[in-house]
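Trainee: Hi! Could you walk me through this structure while I have it open?
Mentor: Happy to, just send me your questions as they come.

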Amino acid sequence: MAHLVAGLASSHIPAIGGAIHNGRQQEPYWKPFFDGFTPIHAWLDRVRPDVVVLFYNDHGLNFFLDKMPTFAVGAAAQYQNADEGWGIPTMPPLRGDPALSWHIINHLVAQEFDVVTCQEMLVDHACTLPLKLFWPQGDCPVAVVPICINTVQFPLPSAKRVYALGKAVGEAIRRWDSDQRVAVIASGGLSHQLDGERAGFINKAFDLQFLESLQSNPEWATQFSSLDIVEKAGTQGVELLMWLAMRAAMSSVASGVQKVHGNYHIPISNTATGVLALEPVG
Ligand code: DHB
Ligand code: FE
């Protein structure tokens, strides 16, 4: 049986890639953000995941408005990263784990999630940046199964549906006949809005309530429609659905979670940033 050893979540913002590339982590603007990851590095050195299931949202690199799956699961041996227009350096291809991908896909389809399966998939900053933030040294040490959730074009999946998806992914990991150590990562959020009349919108009170709910009442956010979440967290703040999927996956392997470390910092670029590391308990 595979072991789910960690639940991780991080914001993704292209500017972070520029800061890493230019070595700006200790500058006053960036330090409060990057310092949030330091205690998590020491912990990850101990729990040592082999493979990560990464919930993220594509931003128009692999899927565009003409073809927009609600849920898509990567099933490739490797995933190329490409410049999506932010001018940040691209990363070497990510290593996939097709055996785990197909195991998850089979379980999801058996549970009546009609997912798109991708044997080729370009991955954007939402995949690459959290991996670089959690494992900053050298080559990425983990294989990756990317799971893409549409937050770009309406209609979006509801929080309730995303929770159910995360739960089913957690069941698949629990049933995976392997001694691999698995982490689940969420990439996105927290509150932010990049365009329109409310550009720059951030909602700290909602973010903190959401973060708290992930520990004490993980299904709390499933009461909201996707439009409710847009209203509360901003048009791009709906990316916090990824955090809900990650937490739901953990609920399938453990009765509770313990916070290893978390940080909340406003703003980086237009975004309220968060990082969180959870370990399963019980
Ligand atoms: C920003 C945030 C995002 O989630 C994203 O995908 C791109 C840019 C930003 O705040 O700049
Ligand atoms: Fe984004």
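Mentor: One term before we start: a polar contact is a pair of N or O atoms within 3.5 Å, and within protein one must be able to donate a hydrogen and the other to accept it. Also keep in mind that this is a predicted model.

Trainee: Okay. What does the side chain of aspartate 124 reach?
Mentor: The side chain of aspartate 124 reaches the backbone nitrogen of histidine 59, at 2.8 Å.

Trainee: And where is aspartate 124 found?
Mentor: Look in the loop between β6 (116-118) and α5 (125-134).

Trainee: Is aspartate 124 buried or exposed, and what is the nearest side chain of opposite charge?
Mentor: Aspartate 124 is buried, yet has no salt bridge. The nearest side chain of opposite charge is lysine 132, 16 Å away.

Trainee: Which residues is aspartate 124 in contact with, leaving aside neighbours within four places in sequence?
Mentor: With those left out, the contacts are Tyr56, Asn57, Asp58, His59, Leu61, Asn81 and Glu84.

Trainee: Let's switch to the ligand. Which residues are around ligand 1?
Mentor: His59 from our earlier chat is among them. The others are His12, Ile13, Pro14, Trp86, His125, His192, Leu194, Glu239, Ser269, Asn270 and Thr271.

Trainee: How far is an oxygen atom of ligand 1 from an N or O atom in the side chain of serine 269?
Mentor: That distance is 2.6 Å. For the side chain of glutamate 239, an oxygen atom of ligand 1 is 3.2 Å from an N or O atom. Asparagine 270 takes part through its backbone: a polar backbone atom there is 3.1 Å from an oxygen atom of ligand 1.

Trainee: How much of the accessible area of ligand 1 does the protein cover?
Mentor: The protein covers 96% of the 290 Å² that ligand 1 has on its own.

Trainee: Pro14 makes me think of helix α1. Which of the α1 residues are buried?
Mentor: In α1 (residues 14-21), the buried ones are Pro14, Ile16, Gly17, Gly18 and Ala19. Their cover includes α2 (31-34) and α5.

Trainee: What about glycine 23, what is its phi?
Mentor: Glycine 23 follows α1, and its phi is positive, near 65°.

Trainee: Now valine 73. Which strand is it in?
Mentor: Valine 73 sits in strand β3 (residues 71-74).

Trainee: Why does valine 73 count as buried?
Mentor: Valine 73 counts as buried because its relative accessibility is 0%, and the cut-off for buried is under 20%. Leaving aside neighbours within four places in sequence, its contacts include Ile105, Leu108, Val115 and Ile147.

Trainee: How far apart are valine 73 and phenylalanine 113?
Mentor: They are 40 residues apart in sequence and 11 Å apart in space, C-alpha to C-alpha.

Trainee: Last topic: how many salt bridges does the count come to?
Mentor: The count comes to three salt bridges. Glutamate 27 and arginine 24 meet in one of them, at 3.5 Å from N to O. Lysine 31 pairs with aspartate 35, with the closest N and O atoms 2.9 Å apart. Aspartate 66 and lysine 67 form another, at 3.2 Å between the closest N and O atoms.

Trainee: Are aspartate 66 and lysine 67 buried or exposed?
Mentor: Aspartate 66 is exposed, at 58% relative accessible area, and lysine 67 is exposed at 58% too. In the other bridges, glutamate 27 is partly exposed at 36%, as is arginine 24 at 36%. Lysine 31 is partly exposed at 32%, and aspartate 35 is partly exposed at 32%.

Definitions and conventions:
Residues are numbered from 1 along each chain as its sequence is written. Chains are lettered from A and ligands numbered from 1 in the order in which they are written. This is a predicted model: local features need pLDDT of at least 70, side-chain atom pairs count only at pLDDT 80 or more; totals for chains, interfaces and linings use all residues. Side-chain values use heavy atoms; hydrogens and water are left out. Helices (H or I, at least four residues) and strands (E, at least two) are DSSP runs, numbered from the N terminus. Buried means under 20% relative accessible area, exposed over 50%, partly exposed in between (1.4 Å probe, protein chains only). Lys and Arg count as positive and Asp and Glu as negative; His and the chain ends are not counted. A salt bridge is a side-chain nitrogen of Lys or Arg within 4 Å of a carboxyl oxygen of Asp or Glu. Contact means heavy atoms within 4.5 Å. A residue is near a molecule or strand if one of its heavy atoms lies within 4 Å of it. Accessible areas come from the Shrake-Rupley method with a 1.4 Å probe; for residues, only the protein chains shown count as cover.
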